[in-house]
Amino acid sequence: MHTKLAPNSISYEDFKNHRTGYDFERKKLVEKLQGLQELRYNDVPEAVVQRKKDGEAFLEKAEVQNLVEWKLKFGTYRPSLAKLVASNSVEEVRKTTSSAFSLMEDNPNPGKAIATLSKLRGIGPATASLLLSCYDPIIIPFFSDELFRWLHWQPDVDDNTKKRKSKAMEDDGNANRKIKYTAKEYASIFDKTTTLRQRLSEESGETITAVDIEKAAYNIIKTAQEEKSTGAIDDEPDAAVENKARSHPSAKRRKKQETPES
């Protein structure tokens, strides 16, 4: 992954391209998640907004179960987790999510709300962040692997010397580092997302949401992984990448197949 795509340096245009790329290039993901994608990004958040207008925002047990199913299909599927979530009663889910959402009204920092939601069986910081994201998708990011790795990505090529950094900085900028899914890690995600969201919003004059960042991060990380697996790695200086692309066998084949635009 090129340093220009690092969170602290990505331009609004590059960000927008990857945010849009999530919708157009990740069709397999959408097909895999089927109707759950609509539930996660539209149906459940809209239901929460309406309940808040009616006087109390909360989630139903069935909604939490659907969100957990989305999360498991989005990442690593663990049937035992779904069973634990199902063991919570309808009343427990309503009461706990209502309490967590109320905390967010008084303080937009999600720390206490994450701790409250984690009292439900099968709900840890990552899943709790997903539930909170449905309450406020503008400021609350979902703790996905891709978002964590992108926000904490550190380039392993020095922009000044064009040389790789120390051994400790290899492994594609720690993109494959082990994630512990702790409240401390989520606090870091929230802070970095807030900083990036505010910067991009100021630069673009548009409202950049935590969901936008979540989707862009997914596309950036997946694209980088695909490029790495095919040998088209974009973590080197521009000239080196361009030369490598020109000499790559697939590039030569594409050149032969190219025809003038009609």
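Residues 164–171 keep a pLDDT under 50 throughout, and the model gives this stretch 18 contacts beyond four places in sequence. Residues 233–262 also have a pLDDT below 50, and this second stretch has 27 contacts in the model beyond near neighbours in sequence. The structure is a predicted model. Across the protein chain the pLDDT averages 83, and 79% of the residues score at least 70.

**Confidence by element**

- Helix H8, covering residues 125–135, has the highest mean pLDDT among the elements of the protein chain, at 98.
- Helix H13, covering residues 238–247, has the lowest mean pLDDT among these elements, at 39.

**Helix H8 and its surroundings**

- H8 is largely enclosed by the rest of the structure, because 11 of its 11 residues are buried.
- The buried residues of H8 include Pro125, Ser129, Leu131, Cys134 and Tyr135.
- The helices against which these buried residues pack are H3, H4, H6 (90–106), H7 (111–117), H11 and H12.

**Thr194 in helix H11**

- Thr194 belongs to helix H11, which spans residues 183–204.
- The relative accessible area of Thr194 is 17%, so this residue counts as buried, the cut-off being under 20%.
- The side chain of Thr194 reaches the backbone oxygen of Phe190 at a distance of 2.8 Å.

**Salt bridges within one helix**

- The whole structure contains 10 salt bridges.
- In one of them, the side chains of Lys16 and Glu13 meet with an N to O distance of 3.6 Å.
- Lys16 and Glu13 are three residues apart in helix H1 (residues 12–25), and therefore about one helical turn separates them.
- Lys16 is partly exposed at 33% relative accessibility, and Glu13 is likewise partly exposed at 44%.
- Lys73 forms a salt bridge with Glu69, and their closest N and O atoms are 3.3 Å apart.
- Both Lys73 and Glu69 lie in helix H4 (residues 61–74), where four residues, or about one turn of the helix, separate them.
- Why do residues with such spacings point the same way? An α-helix has 3.6 residues a turn, so residues three or four places apart point the same way.
- Lys73 has a relative accessible area of 26% and is partly exposed, while Glu69 is partly exposed at 30%.
- Arg19, Asp23 and Asp212 are joined into one network by salt bridges that share partners.

**A salt bridge between distant parts of the chain**

- The side chains of Glu214 and Arg40 form a salt bridge, with an N to O distance of 2.9 Å.
- This pair links distant parts of the chain, since Glu214 lies in helix H12 (residues 210–230) and Arg40 in helix H3 (residues 35–54), 174 residues apart.
- Are these two partners, Glu214 and Arg40, buried or exposed? Both Glu214 and Arg40 are buried.
- Arg40 also lies over the face of Trp70, at 5.1 Å from the ring centre.

**Aromatic pairs**

- The structure holds 10 aromatic pairs.
- The ring centres of Tyr22 and Tyr218 are 5.7 Å apart and their planes meet at 80°, so this pair is edge-to-face, the cut-off being over 60 degrees.
- The two rings connect distant parts of the chain, with Tyr22 in helix H1 and Tyr218 in helix H12, 196 residues apart.
- Tyr22 is buried with a relative accessible area of 2%, and Tyr218 counts as buried at 9%.
- Phe143 and Phe148 form a stacked pair, with 5.9 Å between the ring centres and 25° between the planes.
- Phe143 is buried, with a relative accessible area of 2%, and Phe148 counts as buried at 2% relative accessibility.
- Ring pairs also link Tyr22, Tyr41, Trp70, Phe74, Phe142 and Tyr218 into a cluster.

**Another charge over a ring**

- Arg51 lies over the face of Phe58, at 4.9 Å from the ring centre.

Technical notes
Residues are numbered from 1 along each chain as its sequence is written. Side-chain values use heavy atoms; hydrogens and water are left out. pLDDT is the predictor's confidence in each residue, from 0 to 100. Helices (H or I, at least four residues) and strands (E, at least two) are DSSP runs, numbered from the N terminus. Contact means heavy atoms within 4.5 Å. Buried means under 20% relative accessible area, exposed over 50%, partly exposed in between (1.4 Å probe, protein chains only). A polar contact is a pair of N or O atoms within 3.5 Å; within protein, one must be able to donate a hydrogen and the other to accept it, and residues adjacent in sequence count only if both atoms are side-chain atoms. A salt bridge is a side-chain nitrogen of Lys or Arg within 4 Å of a carboxyl oxygen of Asp or Glu. Rings of Phe, Tyr and Trp (its six-membered ring) pair if their centres lie within 6.5 Å; planes under 30 degrees apart count as stacked, over 60 as edge-to-face and the rest as tilted. A charge sits over a ring if NZ of Lys or CZ of Arg is within 6 Å of the ring centre and within 35 degrees of the ring normal.
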